[in-house]
Amino acid sequence: MAQSQLHPAGATAVSPDGQVVLGGDGVGLAGLAERKLPKQRSLWGDAARRLAKNKLAVIGLFVVATLTFLAVFAPWIAPYGQSEVVDPRLARTGPSWQWPMGLDQNGRDIFSRLVYGARVSLTVGLVAEAIILVLGVTVGALAGYFAGKTDTLLMRMVDVVYAIPQILLVMIFLNLFGPGLQNIFIAIGLVGWVTEARLLRGQFLTLRESEYVSAAKVSGAGPRRLILRHMLPNSLTPLIVAATFGVPTAIFTEASLSYVGVGIMPPQASWGQMVGDASVAGYIQTAPHMLLFPVLAVGLTMLGFTFLGDGLRDALDVKGDR
Amino acid sequence: MSRFVINRVFWFIPTVLVLIALTFLILKFTPGSGVISAGTQSITDEQIEALEDRYGLNDALPVQFATYLRNIATFDFGESFQFRPQRVNDIIGRTFPISLQLGAMATAFAVVVGISLGVLAAVNQNGIVDYISVLVAILFYSLPGFVMGFLLILLFAVWLPGRGIDLGFNVGGLASWRDWVLPTVALGAAPLAQIARYTRSSMIDVLKSDYIRTARAKGLSERMTIYRHVMRNSLLPVITLIGPIFAAVATGSFFVEKVFNIPGMGPFFVESIIAKDQPMVLAVVLIYGVFLALMNLLVDIVYGFVDPRIRY
């Protein structure tokens, strides 16, 4: 597996003649410097090259970069504020040169609202995934490292949460905390960590049997050092891929919740909520532009992240069926 | 084998119990009483008190939980706060069959089309058919159900009729068979993609194996090799997808039913969440949770019987 290249510097290794070399700065270093080394290739360099060759992944990267750009510079890009009414008499006006995506049911500029909506989507995606990683990595690492009873106990907990449809649980939590941006990513984070925990636990269970971990253990490394310096860095690639799929899942969840009206609250703009507003019976036929653009925004974002995630998984050579 | 079955069944019970306890506690700690948000504004404190008494909301928490457990055991979920005097059982009895029918149709659609697409892609590996089906799979897989639903509506009920091509797809209502087509496709799209991707990779694995080379070497036609050897061995692992597929269809139906105005369980659940209609929310969570846990259990056991290589 590609992970073995990630072997942390400073770990104990045994040279071919049986001599123990500590931290790589052993005897032959002076001689080594005079010899011409082959061109160095890192895991990340290789992965980046493979990613650049994958057309879909490049498209995905472009979509994600555009989304990030829109989110960061929203106030400079959007011609109107996110809840600014252009003209109530012009409500539901179709696309024109002046308003390229038309106006919504309150006469607000749809393009501006989509740009601000990118902010909400990206914030939810990134912050929720950060919470998921912290919780998932902690639980997964503890279960996988200590194994035995700790593992059984923690994984039983994970299994129960895993058995409940996630979006259902998110809704229930959201009902407890109340709606709003902050509560959405807390709720998604509190529910979503189980997937990452399972993944990391599996990795750790394999790694703890590996030779270099035993070697580190024998040379006196404590649990803290073993987990943080040896096992975690070697589980990084599958974790990165999982996170790339976790961000769109969170965006997906937020959009779905806002669509049914339990997510982001007006006047703050969210793509899902815009879809919900536009899908009122009469509007679909008379003002389809109100529906089309937010639907495309969600769809394109999801596609972009999936392309990127698929590409990353192939480039980093991680196994998985997603 | 029997030990494995007993073990799995043994864990099923605590899982369901924790599920019940968790939802019960969260709902109890949710601020705001469900009986007040039931619509009536001109309600006096005495009336609220009386209503809360009627629903047993003033009892101690353990007492409420015990009552609740007893009611579940007799399949009585009580009276809805929001739609009283309707009983939760009646509402679910009315809406669940609709959700179930839509779910079953979407699953059937996903399985049939998904497997066909996966097989076609694997047989033509790296050809144009493969490329297109992989692209379709990614497209279907990554779009949320409601996005898929609205794209279908915009295409088949707005854009095409506007160009004079009316295929007769209406939005809302379940009068004719046509009304079921778009929701079924919207709900089935994501699991379809999952099945297609899984089938493809499973097929490709089998195609590379030694016994397929043997089959070809002994002169078996390509068609026979695919039907007799490849399909049998590669479609077996697809069974393991049934669990995730049911989960995808069940949760997806919340949103797809709303998109198409289908009076299933989904819209009721969302409404009861907003209205803090505790008996409804608990009942729906329980039904979905138990249903999915049961499906996963069944899949594990069935798979053990079907695949002779698996010995627990």
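A crossing of two helices counts as right-handed if the near helix is turned clockwise from the far one, and as left-handed if the near helix is turned anticlockwise by less than a right angle. With that in hand, we can start at one such crossing and work outwards. Please keep in mind that this is a predicted model.

**The H11–H12 pair of chain A**

The crossing of H11(A) and H12(A) is right-handed. Their axes lie 7 Å apart and make an angle of about 35°. From H11(A), the contact draws on Glu254(A), Ala255(A), Ser256(A), Leu257(A), Ser258(A), Tyr259(A) and Val260(A), and H12(A) answers with Trp271(A), Gly272(A), Gln273(A), Val275(A) and Gly276(A). By class, these residues are six nonpolar, five polar and one charged.

Both partners are mostly covered. In H11(A), 22 of the 25 residues are buried; in H12(A), which runs over residues 271–278, seven of eight are buried. The buried set in H12(A) consists of Trp271(A), Gly272(A), Gln273(A), Met274(A), Val275(A), Gly276(A) and Ala278(A). H11(A) covers residues 236–260, and its end C-alpha atoms are 36 Å apart, in agreement with the 36 Å that 25 residues should span at 1.5 Å a residue. Just after H11(A) comes Gly261(A), with a positive phi of about 95°.

**A crossing between H3 and H5 of chain A**

Another pair brings together H3(A), residues 55–72, and H5(A), residues 110–146, whose axes come within 8 Å and cross at roughly 110°. H3(A) is therefore roughly perpendicular to H5(A). On the H3(A) side the contact residues are Leu67(A), Thr68(A), Leu70(A) and Ala71(A), and on the H5(A) side they are Val115(A), Ala118(A), Arg119(A) and Leu122(A). Six residues of this contact are nonpolar, one is polar and one is charged.

**Two loop residues with positive phi**

Most residues other than glycine have a negative phi. Here are two residues that go the other way, one in each chain.

| Residue | Phi | Loop | C-beta atoms within 10 Å |
|---|---|---|---|
| Ala147(A) | about 50° | between H5 and H6 (148–163) of chain A | 14, partly exposed |
| Asn126(B) | near 65° | between H4 (88–123) and H5 (128–142) of chain B | 9, exposed |

Why does Asn126(B) count as exposed? Asn126(B) has 9 C-beta neighbours inside 10 Å, and a residue is exposed if that number is 12 or fewer. Ala147(A) has 14 such atoms around it, so it is partly exposed.

**H6 of chain A and the contact between chains**

Following Ala147(A) along the chain leads to H6(A). This helix has 16 residues and reaches 22 Å from its first C-alpha to its last, close to the 22 Å expected at 1.5 Å a residue. Val158(A), Val160(A), Val161(A) and Ala163(A) are buried in H6(A). Which elements cover the buried residues of H6(A)? The cover includes H8 (181–207) of chain A, and also H1 and H12 of chain B.

That brings us to the interface, to which chain B contributes 38 residues and chain A 35 residues. On the chain B side, the elements giving two or more residues are H1 (2–29), H5, H6 (145–162), H7 (178–207), H10 (242–259), H11 (265–274) and H12 (278–306). H6(B) gives the most, with seven residues. This side of chain B has 29 nonpolar, seven polar and two charged residues.

**A residue inside H12 of chain B**

One residue of H12 of chain B is Ala283(B). Is Ala283(B) buried or exposed? Ala283(B) has 27 C-beta neighbours inside 10 Å and therefore counts as buried. Leaving aside residues up to four places away in sequence, Ala283(B) touches Phe77(B), Val88(B) and Ile92(B). Pro161(B), by contrast, is 122 residues from Ala283(B) in sequence and 41 Å away in space, C-alpha to C-alpha.

**Chain A as a whole**

Stepping back, chain A holds 14 helices and two strands. Of its 322 residues, 43% are buried. Among chain A contacts between residues at least 6 apart in sequence, 70% join residues at least 24 apart.

Conventions:
Residues are numbered from 1 along each chain as its sequence is written. Chains are lettered from A and ligands numbered from 1 in the order in which they are written. This is a predicted model: local features need pLDDT of at least 70, side-chain atom pairs count only at pLDDT 80 or more; totals for chains, interfaces and linings use all residues. Axes are lines fitted to C-alpha atoms, for helices over the stretch in contact, and angles run from 0 to 180 degrees between N-to-C directions. Helices (H or I, at least four residues) and strands (E, at least two) are DSSP runs, numbered from the N terminus. Angles under 35 degrees count as roughly parallel, over 145 as roughly antiparallel, 65 to 115 as roughly perpendicular and the rest as oblique. Two residues are in contact if their C-beta atoms, placed from the backbone, lie within 7 Å. Ala, Val, Leu, Ile, Met, Phe, Trp, Tyr, Cys and Pro count as nonpolar, Asp, Glu, Lys and Arg as charged, and the others, Gly among them, as polar. The expected span of a helix is 1.5 Å times one less than its number of residues. A residue is buried if 20 or more other C-beta atoms lie within 10 Å of its own, exposed if 12 or fewer, and partly exposed in between; C-beta atoms are placed from the backbone.
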